[in-house]
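Student: I am new to this structure and should like to look closely at a single part of it. Could you choose a part, explain its surroundings, and define each term as it arises?

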Amino acid sequence: MSHLLPVDQAFLERARARQLRLTKPPGSLGRLEEAGVRLAAIQRSEKPRLGPGAVVVAAADHGVTAEGVSAYPAEVTPQMVQNFLAGGAAVNQIARVAGAEVYVLDVGVRGPEFPAHERLIPARVRSGTGNLVREPAMRPAEALAALQAGENAARRAVSEGATLLAAGDMGIGNTTAAAALTAALLGLLAAEVTGRGTGVDDAAYARKVQVVERALERARGELGDLERADPLEVAAQLGGLEIVAAAGVFLAGAAAGLPVVADGFPVTAGALLAARLEPNLSGYLFAGHRSLEPGHTRQLEALGLEPLLDLNLRLGEGTGAVLAFPVLRAAAAVLGGMATFDEAGVSEG
Ligand SMILES: O=C(O)c1ccc[n+]([C@@H]2O[C@H](COP(=O)([O-])O)[C@@H](O)[C@H]2O)c1
Ligand SMILES: Cc1cc2nc[nH]c2cc1C
């Protein structure tokens, strides 16, 4: 695990002061202003700059799909991995217009290994998780391996030029795992964090809430109070592999000094885990968007984050995070490139 320095408070203050001297009424660029100031603190520069971005789409399968908790069959996970590699998924198109490279991290997809591809990172820890209602999703050592797979993927993206990093996810069944992990880490009830995922009907939704409740009960039997237990052990109980890998992406991206951007509900469960492992992450973490999945708002509140966008997305793949890249680039460009009142000879009020 990487040790993370807190973002620099002195730069935060200096960037705020510079923001006030720029040729605009103070506050008139709204939340873009604080985003720019946060970027300055992360980069330790009053004039932040952002170039190319990258998204690591972590993919894995979930034993809990046996309980009928998704609107789609588990085979969609490997099929979508092929689609990401062929460039045909939503995240590929959004990444293209947002200036982001797409890396696909196979951290636990079920089925045959994928053929080699330059943007595929093969790092399968196991073939899908165990069914979290009946058994631990994975062993603690496997959770650590999934975290490290995410960290290594982030380091590769950074070494290949990323200046801004998002995590994305693909895993049929993962909103069940994300709900269980979120409820466990935040001390919430299953019904408060369980949503309809890919779009389950009323009967499957009722089943899903029960599955999350039973999983929490089982995990409590193993670990006691889940809010106080070792967060990586809680994640091992409830999964999933791609959620834990997303935590690793955030930790290593932030350790490399990059702003890191959360996506929807499954990825933000990874962000919660990462923030529990390393509280200094908060200074580096942005919320790309607010997902329609109701538990996402609870996660954002717990992380103290206002999402940059709110477009009713509920896809995952990192789509909402990558969509926010241009907003963050604009926030950096404003603070880094605008003239001050003095420089431009504009009269102050
Ligand atoms: O990002 C989100 O908020 C989000 C909300 C609903 C569904 N998803 C995606 O849909 C899949 C999980 O949905 P489900 O119903 O199979 O649990 C998984 O591949 C996620 O990326 C993602
Ligand atoms: C088609 C499809 C694409 C996805 N991308 C992320 N989760 C997904 C779930 C489905 C079902």
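Tutor: Let us take helix α9, beginning with its packing against helix α5 (residues 140–159): the two pack at an angle of about 100 degrees, with their axes 8 Å apart. The model is a predicted one, in which local features need pLDDT of at least 70 and side-chain atom pairs count only at pLDDT 80 or more, while totals for chains, interfaces and linings use all residues. Residues are numbered from 1 along each chain as its sequence is written, and chains are lettered from A and ligands numbered from 1 in the order in which they are written.

Helices (H or I, at least four residues) and strands (E, at least two) are DSSP runs, numbered from the N terminus. An axis is a line fitted to C-alpha atoms, for helices over the stretch in contact, and angles run from 0 to 180 degrees between N-to-C directions. Angles under 35 degrees count as roughly parallel, over 145 as roughly antiparallel, 65 to 115 as roughly perpendicular, and the rest as oblique. Helices α5 and α9 are therefore roughly perpendicular to each other.

Two residues are in contact if their C-beta atoms, placed from the backbone, lie within 7 Å. From α5, P140, E142, A143 and L144 meet L232, E233, A235 and A236 of α9. This contact comprises 6 nonpolar, no polar and 2 charged residues. Here Ala, Val, Leu, Ile, Met, Phe, Trp, Tyr, Cys and Pro count as nonpolar, Asp, Glu, Lys and Arg as charged, and the others, Gly among them, as polar.

Helix α9 (residues 231–238) also packs with helix α6 (residues 174–186), the axes coming within 9 Å and crossing at roughly 150 degrees. Helices α6 and α9 are therefore roughly antiparallel to each other. Their crossing is right-handed; a crossing is left-handed if the near helix is turned anticlockwise from the far one by less than a right angle, and right-handed if clockwise. Helix α6 contributes A177, A180, L181, A184 and L185, and α9 contributes P231, V234, A235 and L238. These residues divide into 9 nonpolar, no polar and no charged.

Beyond α9 lies the loop to α10 (241–255), in which G240 has its place. The peptide bond from G239 to G240 is cis, with omega near -5 degrees.

Helix α6 leads on to ligand 1. A residue is near a molecule or strand if its C-beta atom, placed from the backbone, lies within 6 Å of it. The shell around ligand 1 receives at least two residues from each of β4 (164–170), α6 and α11 (265–277), and α6 gives the most, with 3 residues. Of the 24 residues around this ligand, S70, G197, G264, S291 and G316 come nearest. By class, the shell of ligand 1 holds 7 nonpolar, 12 polar and 5 charged residues. Residue G316 is also listed around ligand 2, together with Y72, V76, M80, M170, T198, L315 and E317. The shell of ligand 2 has 5 nonpolar, 2 polar and 1 charged residues.

To place α9 in the chain as a whole, consider the domain assignment, whose bounds come from an automatic or database source. The chain is assigned domain 1 (9–49 + 333–344) and domain 2 (53–327). Their contact takes 5 residues from domain 1 and 5 residues from domain 2.
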